[in-house]
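This report concerns the arrangement of strands and helices in a single model. Please consult the sequence and structure shown below while reading.

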Amino acid sequence: MQLTGAQALIKSLEMQGVEVVFGLPGGAILPVYDPILDSSIRHILVRHEQGAGHAAEGYAHVTGRPGVAMVTSGPGATNIVTPLADAAMDSIPLVVVTGQVPTTAIGTDAFQECPITGVTMDITKHNWLVTDAQDIPRIVSEAFYVATTGRPGPVLVDVPKDVSNAQMEWYWPTSLDELDLPGYYPRTSGDPASVLAAAELILRAERPVIYAGGGILKARAAGVLRELAERTGIPVVTTLMARGAFPDSHPLCLGMPGMHGNYTAVTAMQHADLLLALGSRFDDRVTGKVSTFAPDAKVVHVDIDPAELGKVRRADVPIAGDCRLVIEEMLTALDGLGLGPGGSARKGAMAAKRPDLAPWMAQIRAWQERYPLTYHQEEGGALKPQYVVESLRDATPDDTIVVAGVGQHQMWASQYWRFDYPYTWVNSGGAGTMGFAVPAAIGAKVGRPDKMVWAIDGDGCFQMTAQELVTASAERIPVKVAILNNAYLGMVRQWQELFYEERYSEVYLSPDLPDYVKWAEAMGCVGLRVETAEEVAPAIDKANSVDDRPVVIDFRTDAFEKVYPMVPAGASNDDIIVGPSQGEGGR
Amino acid sequence: MAPASTSTGAGAGGIRHHIVTVGVENKAGVLARVAGLFSRRGFNIFSLAVAPTDDERFSRITIVVDVESAPLEQIIRQLDKLVNVVSISELAPEEATERELLLATLQAGPVERGQVIQLVGVFEGKIVDVGRDAMTIMLAGAPSKIDDFENLIRPFGIIELQRTGRVALPKLERRAARLRSITGGAGGAGEDRSEAGAASTSDEAG
């Protein structure tokens, strides 16, 4: 069967099971947009290519399937560079197809030419410049295989216009042997001896902590993580990328560690004698000053990416492998050592001589008691952002998908939401991409139309990508956006208050410029404004009742509220600041 | 024949020449990907040689880099992640057979010509071109020998000089025991190649 390269490309996406593509056409990708009209694939026309990338990320976050975005050459391609970098940092499977100028024009500074494979070389897991239409089915297969296996990540396929227009003879690779990837071997199961060593460390530990990262979610390992925690009785911290990987309502859940983590999660790690790092990467926002991080802890580090092992913290037992498979192997090893399901120890086995974790748990309970997350919503006082998050949480279904941008609102959302289900939290963790929330929420809603999707956004973030609400209105994607509008680039303001002697430099945004309600309405959304605590619940109820268009609520929140606890950048986690009374210059 | 200039090094900080040989797919853009992992960390590549292997689908890149061991370990693991990279070995200089080629055009009129020919003879090099007032000479050998030779020909007046950068293969008699193979081949189940990890696991596992 003869097809054009463009037809082969769309057919290849169909063969991969792609249901939705986020994109925006242009000159060099024109041939590929024609067969979309005849395809089963739903195309969602974004208003800016960055929106396409983040929407595809949101889709991938909640479905586990690769997100797909398609844009044109030059500026279209460079506009999607930020989502690629974001996806690389957070290991999001993303397949981006870019148009390119014809092969004969490459290198001539042609109109809308940009060497996007070179630009994205360091921020994609791999990328391809297609030079022969005959290669398209194979390269698309390779792209999806690379994006979704091993440590997931973004890939880019750059297709010159003459390649799209050229004829090719259709085929479809049916086995991995037909792919040309001689250097790509994603690892899967762990080394048995190391898994056994890890299990023995677990049974010797007196103060163990499971340090669960985003890899748990990528490996679909939330179920076995719970089994491991319950069988061993080991408490679990869930990093910003792992919120929901272990239920917040579970008695063993300590919540989020790190710079704005809660006191107990941070301090339990500091005092631990064993850290089971599962799909986490010792990010600087988690460790604080590395040399003083968890000084007494032996480390078992499980990651599918061998380059993560020992990158930041030396692991006593490094295990390269898929989190789900390795945890299953650990459970088997624990069986062998006498720790069966339910945590019962077999007589005479190693598990029977296991240290009692009760003193450790008592210490943890004492910390939780003494240092809970706190804020105070005064009656008639300024609206506290934490109050908004808690009100939203209480007024929405438990499996609501929450999407955040980056900054104070993101931290409050992570701290005050109660994540009891995996894949209900979508945010930009590693890259910290402001403007992520609105387009990512759209992608999440497209991926899970059955679930309520709330974006919790900041006013600064919202202004970066709000135009995608036009996309949401036009495509009838009823996302809901809560803007925690404190009229500032709040996180930067917080740092200037605490560390720059309240010298506020270029952080003021104004509460009512733009007018968020009018802006929302102009984009086809319902717009609401909330200025007092009493108005919060009715507004949320109203928003929840709208299901045919997006809703935006402009919550006018207290500009002076800061995110606590806080470990100042570069400081030891031992020096955690619990609240304003301990902060310099705090109010 | 020991490559003295490379096997010692700055010493104190652990900085020294490392030879990394990288087996890659012989495709466009692969060299840029490999080089990028060094440049993005601000490490200078001291020398670089690339050519197809006996199987022309693959090339071997020989990189000599001055870097401390710890960051190199990380670079090697990142190299391993490149889809186009098939295998990586780090060769300790004392465990490698290294060769390099030098071409030089010297100022050498009728008077100096004899001295140059003599010197080239001692080093077992070759005269590859002779002009009225200049000669082009070639020498292949261990990098230290090339260094020595370069110093000796300098007084004649170098018009142009080009070295290839070194290529290296592991020494045969120690190959099985000492080659520190970091990657390559089918990375099957449980094949954790972490050097630091393997070393440190043993004291816990016992």
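The following paragraphs describe strand pairing and helix packing in chain A of this predicted model.

**Parallel strand pairs**

Two parallel pairings are set out in the table.

| Strand | Partner strand | Bridges | Residues standing opposite |
|---|---|---|---|
| β2(A), residues 20-24 | β3(A), residues 42-45 | 4 bridges | A:Gly23 and A:Leu45 |
| β19(A), residues 526-530 | β20(A), residues 551-556 | 5 bridges | A:Val530 and A:Phe555 |

Strands β2(A) and β3(A) run parallel. Between them the chain passes through helix α2(A), residues 30-36, and the resulting β-α-β crossover is right-handed.

**Contact between two helices**

Helix α1(A), residues 5-15, and helix α7(A), residues 136-148, have axes that come within 9 Å and cross at roughly 35 degrees. The crossing is right-handed. On the α1(A) side, the residues in contact are A:Gly5, A:Ala8, A:Leu9, A:Ser12 and A:Leu13, and these meet A:Ile136, A:Pro137 and A:Val140 of α7(A). Classified by residue type, this contact of α1(A) with α7(A) comprises 6 nonpolar and 2 polar residues, with no charged residues.

**The six-stranded sheet**

An open sheet of 6 strands in chain A follows the order β16-β15-β17-β18-β20-β19, with parallel pairing. Strands β16(A) and β19(A) each have a single partner strand and stand at the edges, so one side of each lacks a neighbour in the sheet. Helix α23(A), residues 533-545, packs on this sheet and touches β18(A), β19(A) and β20(A). The direction of α23(A) makes about 170 degrees with that of β19(A).

Notes. Residues numbered from 1 in each chain as written. Chains lettered and ligands numbered in written order. Predicted model: local features only at pLDDT ≥ 70, side-chain atom pairs only at ≥ 80, totals over all residues. Pairing = 2+ DSSP bridges. Right-handed = clockwise from strand over helix to strand, strands pointing away. Axes fitted to C-alpha atoms, helices over the stretch in contact; angles between N-to-C directions. Left-handed = near helix turned anticlockwise from the far one by under 90°. Contact = placed C-beta atoms within 7 Å. Nonpolar A, V, L, I, M, F, W, Y, C, P; charged D, E, K, R; others polar.
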